[in-house]
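Please walk through the structure shown here, beginning with one aromatic residue and its surroundings and then turning to the sheet of the other chain.

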Amino acid sequence: MSNIILGRYIDGGSIIHRMDSRAKLILSLYFIVIVFLCNNWQTYALLGIFTLACVLLSKIKMSFFIKGVRPLIGLILITVLLQLFFTSGGTVYWQWGPFKLTSFGIINSIYIFCRIVLIVLMSTLLTVTTTPLEIADGLESLMAPLRKIKVPVDEIALMISIALRFVPTLMDETQKIINAQRARGVNFGEGNLFKQAKMLIPILIPLFVNSIKRAEDLAVAMEARGYQGGPNRTKYRQQHWHLVDTVGIVVFLALTGGLMLLRG
Amino acid sequence: MAIEFKHVSYTYQAGTPFEQQALDDISVKIKDGSFTALVGHTGSGKSTFIQHLNGLLKPTAGEIHINGQLITPQTKNKELDDLRHQVGILFQFSENQLFEETVLKDIAFAPKNFGKSESEAEDLARAKAKLVGIDDQLLERSPFELSGGQMRRVALAGILAMEPQILVLDEPLIGLDPVGKRETMRIFKQLHENEKMTILIVTHNMDDVADYADQVIALERGKLIAAQSKQEFFSDPQWLYQHHLGLPRAAEFAAQLMQKGMQWDGLPLNVDELARQLVTKLK
């Protein structure tokens, strides 16, 4: 469990850490859009250099980002292999039944590889430089217009922040329950698939029971402190849009312009 | 020698930005049949320490000998089954580990995992339930219908059903009422005296240390700062305060009287001892 780094925050005082979470959210989403603008090596080079610069700006060790890509290697490999052997067009180098290796296929698979790595890097950058609570606040603020179409934005925001708040607690608890059951002789990760699935019962039942108990306690505690829901609550954590954020947006727009120019 | 730690260190998530050293060069011995208290501040490494005792964690450096089994950083999980059988750990808030449909089944869970047949396991479960004071009529009930104290006892019975030689208790009294606490400690004392179990208890309550333990191990920020008999451990109030550890209440009272000029023949650690010494002094 400790190998998953997506969604983990690393403290640091870099310029990217200090950016407004709304700006970071918009830009991360926007980045996924502009990745699809790339269609030749110049555009990928530009975007690669840009991503690298962002990673360097965050002052977080490169090795950490590489570890972030590692769990996705299976997915990346499958996608790349599919592209490599099932793309037609260009010069055909090798063919065997439905499989063929073509120049288009090679180029496409390299592009796909770059695309996935770039997106993963950017998303990792978002989560390691932004605390989960900041992300929840940012989402709430970005969802605000949805109130007009009767979406319960405040409740959703509260749900997200409570959920995020309890991720570490539940992880801890899961680990404790696993330990307790291992001490009672359960050997996790052994035997066939059916056996392994059965081993989950001693973990999942206590975990569900505790979560429901905890939810009830929390609800009572919230009501006792005067919570009634609805949009009339004030906000304690205020968000501030700084110059950095505007600069970030401008840089991204400039980047988009650059990509459009270099596009083949 | 039941348990021996030789220069044991443990680091969580080594090689990541979240790296954290929890145990630092610990060397300590715990004798067979002893009743040992493990004390220390929150975050001093107590929970990490006890997870080494049955191989839930393996040291990142050093070696551990438990009942003739050697655990090193290279030890494989398969080799630890036997050890798990010999060392029963009752974790904090152990009532959270219950999951079966009935109390009986939950208590029988561990012996079944360690290769006992269905009927053997149930016989063991009944015997251990009796030992910790669970009524027969509760055995067919769901564990989730019981009170917190009763659930704690079911969890304890579930560990005892493994018939461990070493019993490790991680703050087993938290959240129990005074009667529940006394009852539970009485059970531990019985197990220690009648079944000759080696007991290691993690606690913050110095009164319990004074009443039940015969030796004390103290940790501070992952380092061993004391491993001695309880008389030695409580002999220097100044040192205890410096390390944010306390005295038992009787000793606390005696230490305050000492400041006013009272002389003791060794600081009394419990109320009986305090009363006895006071009576002789006042005569």
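**From a surface tryptophan to a mixed sheet**

In this predicted model, Trp94(A) is found in strand β1 of chain A. With a relative accessibility of 40%, Trp94(A) counts as partly exposed, because that class covers the range between under 20%, which is buried, and over 50%, which is exposed. Trp94(A) belongs to a nonpolar patch on the surface, which it forms together with Tyr93(A), Trp96(A), Ile106(A) and Ile110(A), and the accessible area of these residues together is about 570 Å². Two elements of chain A, β1 (92–96) and α6 (103–129), each supply at least two residues of the patch, and β1(A) gives the most, with three residues.

In chain B, attention turns to an open sheet, in which six strands follow one another in the order β6-β7-β8-β3-β9-β10 with mixed pairing. The edges are taken by β6 (87–90) and β10 (223–229) of chain B, each of which has a single partner strand, so one side of each is left without a neighbour in the sheet. From one strand to the next, the twist averages 15 degrees.

At the β10(B) edge, strand β9 (residues 215–220) of chain B is joined to β10(B) by six bridges, and the two strands run antiparallel; within this pairing, Leu219(B) has Leu224(B) in β10(B) as its bridge partner. At the β6(B) edge, helix α5 (residues 148–160) of chain B lies across β6 and β7 (166–170) of chain B, and its direction makes an angle of about 170 degrees with β6(B).

Conventions. Residues numbered from 1 in each chain as written. Chains lettered and ligands numbered in written order. Predicted model: local features only at pLDDT ≥ 70, side-chain atom pairs only at ≥ 80, totals over all residues. Heavy atoms only, no water. Pairing = 2+ DSSP bridges. Helix = DSSP H or I, 4+ residues; strand = E, 2+ residues; numbered from the N terminus. Axes fitted to C-alpha atoms, helices over the stretch in contact; angles between N-to-C directions. Contact = heavy atoms within 4.5 Å. Patch = residues over 30% accessible without salt bridge, like charges linked within 9 Å, V, L, I, M, F, W, Y side chains within 5 Å. Areas by Shrake-Rupley, 256 points an atom, 1.4 Å probe, with all protein chains shown as cover. Salt bridge = Lys/Arg side-chain N within 4 Å of Asp/Glu carboxyl O. Buried < 20%, exposed > 50% of the residue type's maximum accessible area, 1.4 Å probe, protein only.
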